Amino acid sequence: MVATMQSSLSGLARALVQNRRLLQVDAEAIQTQANSSGISFITQLLQTGKLSARDVCEFASLTFGFPRLDLNAINPEYFPQGILDSNIMHSKRALPLYKRGNRLFVALSDPTNLSALDEIKFKTGLAVEAVVVEDDKLDPLISKFALASGVSLDKLMSDESSPIDELVGSLEEEVANEYGDDVSAAADNELVRLVNKIIVDAYHQGVSDIHIEPRAGKQKTKIRFRKDGSLMPYLEVPPNYRQALVARIKIMCDLDISEKRKPQDGKIKFRKYAPLDIELRVATCPTQGGMEDVVMRILAGGKPIPLDTLGLSASNLKTLKDVISKPYGIFFVCGPTGSGKTTTLHSVLGYINTPETKIWTAEDPVEITQEGLRQVQINPKAGVTFAVAMRSFLRCDPDVIMVGEMRDQETVSIGIEASLTGHLVFATLHTNSAPESIIRLLDMGMDPFNFSDALLGILAQRLAKRLCSSCKKPYHASQDELKLLLMEYCEELKNTKSWQTDPNAAIKQLHQDWVRLFADSRGQFTLYEPVGCDNCNGTGYNGRVGLHELLVGTNALKKNIQEHAHVAEMFATALEDGMRTLRQDGIEKVLMGLTDMHQVRAVCIK
């Protein structure tokens with residue numbers, strides 16, 4: 001068994017274990033997580049913090065006898081252009097450094113990646129020699145030189161006589177020709193490579209949305225990326241390219257390029273244009289000055305995140321598992337757009353997905369796929385709405401039904417009806433908090449008695465920026481800062497009976513719990529503040545952490561629903577029953593060192 005597991009490890013992982021730089025169990029866990037996340041072993045290893053990029057680079061160089069190079073010490077202008085396709089550079093994480101005769105020297109962070117070396121040798125017809133570099137310095141340079149297979153981006157952005165000028169006119173002619181053969185004729189020009197590069201860069205940088213913002217006159221077209229919830233500048237394109245840029249994207253998703261006065265939406269299957277199997281949801285919107293903005297959302301693919309690694313607190317995780325294990329009832333996940341509701345629901349479905357269970361889902365769009373789920377794409381133009389899909393599911397012998405969004409009375413009524421007839425129903429809502437979701441559903445006209453009988457629970461969530469693990473700076477919290485955190489945590493407890501009976505005792509008990517859970521042996525609390533490094537682009541934050549508010553349908557809460565109680569009363573009941581608010585969960589994650597109060601307050605504003 002040990003030998004089998006050893007063979008599944010990469011060559012570098014085995015060497016680290018054999019040289020006692022890494023425990024066998026840790027290497028296996030890192031390799032498994034890397035495989036499931038679709039990233040390299042080294043990238044996953046660096047995320048754990050067990051070894052630094054420099055440590056891994058030095059070890060690989062000494063162990064396998066490959067030369068080591070500091071990428072900061074060489075001039076990138078001398079890198080050979082056009083040697084490797086950008087997709088190979090990204091997928092194999094390899095960067096051509098220089099060519100000497102029939103030998104090509106290639107930078108890799110893992111010199112044991114023989115498949116990468118063999119493919120590069122096959123593609124280039126050259127003898128390939130590996131040079132070991134630090135992993136965290138590799139991706140930024142690969143992204144920067146991703147256009148090496150075609151045109152220099154700097155030249156494209158500055159050369160006023162570029163062939164793209166001629167393409168603006170040719171794209172307009174495609175309207176009259178109903179696209180004709182000009183689309184395939186345009187497949188080899190600079191503009192096509194630019195659009196492909198934008199999408200490839202966005203995907204490899206973990207971007208969720210690409211914003212293309214043309215402006216009138218001679219102002220440049222701005223292209224911005226949304227990453228971890230915040231927009232950041234990516235590129236500015238000269239004004240004479242803006243029509244061609246928007247037209248090219250419209251052609252990719254089969255939109256009407258002659259229609260510039262009405263919003264349009266479509267989808268790009270990017271595999272048709274580059275060897276990267278992703279989908280993008282595209283929306284165009286007319287703006288002032290006869291311009292059109294384009295926003296492309298990269299649809300998250302792959303497998304769901306395991307429920308245990310979703311970032312729920314221990315108490316919320318245990319409660320959630322108990323709730324979703326019930327045979328029937330209805331459970332909601334609520335929050336604003338982009339707060340991770342669909343990701344959470346798929347994690348929940350992954351937890352209960354067994355060969356004995358029939359699960360139907362209705363989604364718009366289907367972003368995450370799972371083996372064993374029967375997933376339906378909503379298509380209003382074809383008459384497939386959420387309500388139509390749910391009625392169809394009920395005739396297909398389901399055990400579990402998941403609805404991407406309950407936005408109208410008919411869909412909610414069908415969901416409650418299904419939950420009362422022996423089915424487990426999951427759905428999302430666009431509401432601010434768990435108790436407010438109940439009022440929203442009652443306002444839709446739901447019968448309070450049927451609804452209270454069906455309700456299992458509601459999970460509200462937000463995504464706060466996660467402190468960068470590479471550069472976050474620890475410090476001991478002062479007494480004043482700790483007192484402020486206690487007061488902020490207790491602010492939402494003031495309507496509960498325990499607070500009204502003895503607030504001082506409640507604060508004292510909370511402080512004792514914090515000391516037990518989060519303090520060191522001397523009773524000191526370590527918090528962290530953002531710094532900024534290359535890994536996080538100088539922001540101090542890298543990735544996001546979920547904040548959760550789990551309301552369970554207890555008897556006391558069901559009584560509140562039946563009596564049409566106000567939100568404040570339901571809120572107090574839920575807190576008495578053990579619910580933690582979004583802000584309280586966020587404060588606990590501040591004490592755990594995952595984020596800071598600035599980010600918690602930013603996403604928990606009332």
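Here is a short tour of three spots in this predicted model, to follow in your viewer.

**Stop one: helix α16**

Select residues 386-394, which make up helix α16. Show the side chains of Phe386, Ala387, Ala389, Met390 and Phe393: these are the buried ones. Now look down the helix axis. The buried residues sit within an arc of 160 degrees, so they line one face of α16. That fits a general pattern: an α-helix has 3.6 residues a turn, so residues three or four places apart point the same way. What lies over those buried residues? Turn on β11 (359-363), β12 (373-377), β13 (400-403) and α17 (409-420), which are among the elements covering them.

**Stop two: Glu213**

Next, jump to strand β4, residues 209-213, and pick out Glu213. Is Glu213 buried or exposed? Its relative accessibility is 15%, and the cut-off for buried is under 20%, so Glu213 counts as buried. Add Arg224 to the selection and you'll find a polar contact of 3.0 Å between the two side chains, Glu213 and Arg224. To see what else touches Glu213 from beyond four places in sequence, show Lys220, Thr221, Lys222 and Asp293 along with Arg224.

**Stop three: the second largest pocket**

Finally, select Tyr489, Leu510, Asp513, Arg580 and Glu588. You're now at the second largest pocket, with about 580 Å³ of space; of its 23 lining residues, those five are the closest to the centre. Colour α14 (314-324), α22 (503-518), α24 (567-576) and α25 (582-591), since each gives two or more residues to the lining. The largest share, eight residues, comes from α22. By type, the lining has eleven nonpolar, seven polar and five charged residues.

Notes
Residues are numbered from 1 along each chain as its sequence is written. This is a predicted model: local features need pLDDT of at least 70, side-chain atom pairs count only at pLDDT 80 or more; totals for chains, interfaces and linings use all residues. Side-chain values use heavy atoms; hydrogens and water are left out. Buried means under 20% relative accessible area, exposed over 50%, partly exposed in between (1.4 Å probe, protein chains only). Helices (H or I, at least four residues) and strands (E, at least two) are DSSP runs, numbered from the N terminus. The arc is that of the directions from the helix axis to the C-beta atoms. Contact means heavy atoms within 4.5 Å. A polar contact is a pair of N or O atoms within 3.5 Å; within protein, one must be able to donate a hydrogen and the other to accept it, and residues adjacent in sequence count only if both atoms are side-chain atoms. On a 1 Å grid over the protein atoms alone, a cavity is a set of points where a 1.4 Å probe fits but cannot get out, and a pocket is an open set with protein on both sides within 12 Å along at least five of seven lines; lining residues have an atom within 4 Å of a point. Grid points are joined across faces, edges and corners, and a volume is the space filled by probe spheres set on the points. Ala, Val, Leu, Ile, Met, Phe, Trp, Tyr, Cys and Pro count as nonpolar, Asp, Glu, Lys and Arg as charged, and the others, Gly among them, as polar.
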